[in-house]
Amino acid sequence: MKLSVSWRTSAAVAVAAATLLTSGSIAGAAPRAEALAAAPDIPVAGVKAHLTQFQSIATANGGNRAHGRPGYKASLDYVKAKLDAAGYTTTIQQFTSSGRTGYNLIADWPGGDANQVVMAGSHLDSVTSGPGINDNGSGAAAVLETALAVSRAGYHPTKHLRFAWWGAEELGLVGSRYYVNNLSSANRAKISGYLNFDMIGSPNPGYFVYDDDPAIEKTFKDYYAGLGVATEIETEGDGRSDHAPFKSAGVPVGGLFTGASRTKTAAQVTKWGGTAGQSFDRCYHSSCDTTSNINDTALDRNSDAVAYAVWELSE
């Protein structure tokens with residue numbers, strides 16, 4: 001379900017008010033409120049359109065979008081074409097894993113301080129057993145639609161924006177580790193934050209926030225507080241997604257997650273709805289991880305949260 005404009009406006013006002021109260025400076029509050037107003041509503045229909053494309057690509061290529069398979073490269077080509085048309089500078093980084101060629105896609109938005117880089121990323125590959133629409137078409141599509149929203153808005157942040165889609169995550173974070181390991185120490189130091197989005201539309205969703213970097217964590221918690229949605233600290237995927245190589249290299253990291261194979265508790269149902277005693281995603285790493293395996297409300301909220309964090313942290 002798409003959030004109404006009035007609901008999002010109320011959320012923005014609530015967070016802006018909280019910022020004013022905690023800042024203790026009226027002079028410093030106005031730019032913060034303006035930045036919040038500038039963060040766009042990400043149309044969930046746009047995010048779902050990308051998921052439909054990922055599903056079609058998987059269906060046409062053996063039912064998956066896995067590393068080294070035609071479905072992965074077709075997914076990458078789809079994302080790259082959208083970014084190129086939107087004015088990004090795109091780079092394909094090639095690596096080898098398990099005897100197959102893999103690819104990362106990096107997209108830089110022109111402008112901003114190159115010594116302060118805010119990155120948002122997600123893995124684009126699926127497992128071989130399914131199309132990977134929640135894991136991780138959901139994160140890949142939300143990051144893509146946020147990048148396109150930057151272009152539509154003509155956004156000119158203070159910091160430099162970079163978006164990334166990683167290959168071979170399912171084989172052990174291969175693509176993101178390759179990227180980080182091939183950065184010079186100087187270029188690693190220029191990344192002021194990396195935001196990771198891996199499974200953000202689970203059908204029986206929870207709302208989990210990474211607790212790695214306090215400032216990034218607070219950014220996401222503030223957003224959800226404005227919506228009146230409770231969050232919990234993410235533990236199920238801790239160290240198991242593409243933020244881990246960045247964290248190991250000393251880069252501040254954060255992100256969102258809606259749950260995988262763990263079971264939702266009765267207490268979590270009280271907070272979030274859904275079904276107790278059932279996995280957050282019963283189709284995790286399975287052939288049923290299709291476009292039917294998405295909770296629209298979770299996908300919508302988290303896609304908007306991606307944009308909110310990108311705008312907040314890059315201003």
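Which residues lie nearest the centre of the largest pocket? In this predicted model, they are Glu169, Asp198, Arg240, Ser241 and Tyr284, out of a lining of 19 residues. The space in this pocket is about 250 Å³. By class, the lining of the pocket holds six nonpolar, six polar and seven charged residues.

The model also has one cavity of 30 Å³ or more. About 30 Å³ of space lies in the largest cavity. Its lining consists of Val127, Gly130, Pro131, Gly132, Asp135, His285, Ser286 and Asp289. Two of these lining residues are nonpolar, four are polar and two are charged.

Asp135, one of the residues that line the cavity, also takes part in a cis peptide bond. The bond joins Asp135 to Asn136, with omega at about 5 degrees. Asn136 is found in helix H5, a helix made up of residues 133-153.

Helix H5 also contains Glu145. Is Glu145 buried or exposed? Its relative accessibility is 5%, and buried means under 20%, so Glu145 counts as buried. Leaving aside residues up to four places away in sequence, Glu145 touches Ile42, Pro43, Gly46, Val47, His50 and Arg152. Glu145 also comes within a short list of distances worth checking on the model: its C-alpha is 8.1 Å from that of Ser303, although the two residues are 158 apart in sequence.

Helix H3 covers residues 44-60. The 17 residues of H3 should span 24 Å at 1.5 Å a residue, and the C-alpha atoms at its ends are 24 Å apart, so the expected and modelled spans agree. The buried residues of H3 are Val44, Gly46, Val47, His50, Leu51, Phe54, Gln55, Ile57 and Ala58. Among the elements that cover them are helix H4 (70-85), H5 and helix H11 (296-314). Gly46, Val47 and His50, buried in H3, are among the residues that Glu145 touches. After H3 comes Gly62, with a positive phi near 80 degrees.

The strands can be taken next. Eight of them form an open sheet with mixed pairing, in the order E1-E2-E4-E3-E5-E8-E6-E7. Strand E1 (89-97) and strand E7 (232-233) stand at the edges; each has a single partner strand, so one side of each has no neighbour in the sheet. Within the sheet, strand E5 (residues 191-197) pairs with strand E8 (residues 253-257) in the parallel sense, over four bridges. Tyr194 stands opposite Val253 in E8.

Two loops that follow strands of this sheet each hold a residue with an unusual backbone angle to look at. Ser98 lies in the loop between E1 and strand E2 (100-108). Ser98 is not a glycine, yet its phi is positive, at about 55 degrees. Is Ser98 buried or exposed? Ser98 has a relative accessible area of 64%, and exposed means over 50%, so Ser98 is exposed.

Met199 lies in the loop between E5 and strand E6 (208-209). Its phi is near 70 degrees, again a positive value in a residue other than glycine. Met199 is buried, because its relative accessible area is 2%, whereas Ser98 is exposed.

Note on methods:
Residues are numbered from 1 along each chain as its sequence is written. This is a predicted model: local features need pLDDT of at least 70, side-chain atom pairs count only at pLDDT 80 or more; totals for chains, interfaces and linings use all residues. Side-chain values use heavy atoms; hydrogens and water are left out. On a 1 Å grid over the protein atoms alone, a cavity is a set of points where a 1.4 Å probe fits but cannot get out, and a pocket is an open set with protein on both sides within 12 Å along at least five of seven lines; lining residues have an atom within 4 Å of a point. Grid points are joined across faces, edges and corners, and a volume is the space filled by probe spheres set on the points. Ala, Val, Leu, Ile, Met, Phe, Trp, Tyr, Cys and Pro count as nonpolar, Asp, Glu, Lys and Arg as charged, and the others, Gly among them, as polar. Buried means under 20% relative accessible area, exposed over 50%, partly exposed in between (1.4 Å probe, protein chains only). Contact means heavy atoms within 4.5 Å. The expected span of a helix is 1.5 Å times one less than its number of residues. Two strands pair if DSSP finds at least two bridges between them.
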